[in-house]
Amino acid sequence: MKRFLFYVVGLFVLTAGITLTIKSDIGAGAWDALNVGLSETIGFTVGSWVIIVGIILIIVNAILMRAWPDFFALITIIVTGLFIDFWLLTLFADWTISDVFIAYAVFAIGMILVGLGIAIYLQAKFAVIPIDGLMLAIHHKTGLSIRTSKTIGELIALLAAVILGGPIGIGTLAITFGIGPLVQFFYPTFEKMNA
């Protein structure tokens, strides 16, 4: 029950943060920008694309690892997709930010929530999300370091997001280099709570 609570609360906080970074229009994380770009170019909701891209990554990861697809990761991407649509289509549906200072403040709050949400969500120790699964698959297939494998995955998403016109900006760089330290900052607190 405790693990389930960490899981749901963590994903809820994480997706609120993702939504705020998207709404700030400063630049979303590479994978989030890709999902927004797909939504604006092809249609469907951003949350639907979280699920579709997640399923594609699960299949790609299985091929790279020569293993069965991680079906438990489906639960995580479905919950994440539903939560993102909840935030974008209900609470923040009609909210536009015109003031630059407010936009940066909203982005900063969103980024902190993303780091906090990941730190909480990881305590559940459930299936690895497909984006991290891709990192591990690239690492396994190429022998490259985890950090380099993560960067390759992010660059693939970034390139696709640029092609599709996703919200890439200064915020994208901030998220790319800032989320790791934020998760590291929050993680020990929740690890103690979970002990």
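**Exercise 1. Surroundings of T172**

Task: Find which residues T172 touches, not counting residues up to four places away in sequence, and decide whether T172 is buried or exposed.

Solution. Step 1: beyond four places in sequence, T172 touches G27, A28, G29, A30, L158 and P167. The model used here and below is a predicted one. Step 2: T172 is found in helix α8. Step 3: the relative accessible area of T172 is 4%. Buried means under 20%, so T172 is buried.

**Exercise 2. The largest nonpolar core**

Task: State how many residues the largest nonpolar core has and which of them have the most contacts inside it. Then find which helix supplies its largest share.

Solution. Step 1: the core has 42 residues. W31, I179 and F190 are those with the most contacts inside it. Step 2: at least two residues of this core come from each of α1 (2-24), α2, α3, α4, α5 (100-121), α6, α7 and α8 (170-194). Step 3: α5 gives the largest share, eight residues. Step 4: for F190, leaving aside neighbours within four places in sequence, the contacts are F6, L116, A119, I120 and Q123. Step 5: another core, of five residues, lies apart from this one, and A16, W87, F92 and V106 are among its members. As background, nonpolar side chains tend to be buried together in soluble globular proteins.

**Exercise 3. Helix α3, its length and its cover**

Task: Check the span of α3 against the expected value, list its buried residues, and say what covers them.

Solution. Step 1: α3 has 20 residues, so at 1.5 Å a residue it should span 28 Å. Its end C-alpha atoms are 28 Å apart, which agrees. Step 2: the buried residues of α3 are V46, G47, W49, V50, I51, V53, G54, L57, I58, N61 and A62. Step 3: their cover includes α2, α4 and α6. Step 4: I63 also lies in α3, but with 59% relative accessibility I63 counts as exposed. Step 5: I63 and A137 are 74 residues apart in sequence, and their C-alpha atoms are 9.0 Å apart in space.

**Exercise 4. A nonpolar patch on the surface**

Task: Name the residues that make the nonpolar surface patch of about 450 Å², and describe the places of I52 and F44.

Solution. Step 1: the patch is made by I42, F44, I52, I56 and V60. Step 2: I52 is in helix α3, residues 46-65. The relative accessible area of I52 is 31%, so I52 is partly exposed. Step 3: F44 lies in the loop between α2 and α3. F44 is exposed because its relative accessibility is 59%, and the cut-off for exposed is over 50%. Step 4: F44 is not a glycine, yet its phi is positive, near 70°.

**Exercise 5. Helix α6**

Task: Compare the reach of α6 with the expected value, then identify its buried residues and their cover.

Solution. Step 1: α6 covers residues 130-142, 13 residues. From first C-alpha to last it reaches 18 Å, close to the 18 Å expected at 1.5 Å a residue. Step 2: P130, G133, L134, M135, A137 and I138 are the buried residues of α6. Step 3: what covers them includes α2 (30-41), α3, α4 (72-91) and α7 (146-164).

**Exercise 6. Positive phi after helices**

Task: Give the phi of the residue that follows α1, of the one that follows α3, and of the one just after α6.

Solution. Step 1: α1 has 23 residues and reaches 33 Å between its end C-alpha atoms, close to the 33 Å expected at 1.5 Å a residue. Just after α1, D25 has a positive phi of about 60°. Step 2: R66 follows α3 with a positive phi near 50°, although R66 is not a glycine. R66 is in the loop between α3 and α4 and is exposed, with a relative accessible area of 72%. Step 3: just after α6, G143 takes a positive phi of about 80°.

**Exercise 7. D94 and K125**

Task: Decide whether D94 is buried or exposed, and give the separation of the C-alpha atoms of D94 and K125.

Solution. Step 1: D94 is in the loop between α4 and α5. Step 2: with a relative accessible area of 78%, D94 is exposed. Step 3: D94 and K125 are 31 residues apart along the chain, and their C-alpha atoms are separated by 35 Å.

Terms used:
Residues are numbered from 1 along each chain as its sequence is written. Side-chain values use heavy atoms; hydrogens and water are left out. Patches are made of residues with over 30% relative accessible area and no salt bridge: like charges are joined within 9 Å, nonpolar side chains (Val, Leu, Ile, Met, Phe, Trp, Tyr) within 5 Å. Accessible areas come from the Shrake-Rupley method with a 1.4 Å probe; for residues, only the protein chains shown count as cover. A salt bridge is a side-chain nitrogen of Lys or Arg within 4 Å of a carboxyl oxygen of Asp or Glu. Helices (H or I, at least four residues) and strands (E, at least two) are DSSP runs, numbered from the N terminus. Buried means under 20% relative accessible area, exposed over 50%, partly exposed in between (1.4 Å probe, protein chains only). The expected span of a helix is 1.5 Å times one less than its number of residues. Contact means heavy atoms within 4.5 Å. A nonpolar core is a set of buried Ala, Val, Leu, Ile, Met, Phe, Trp, Tyr and Cys residues joined through side-chain atoms within 4.5 Å.
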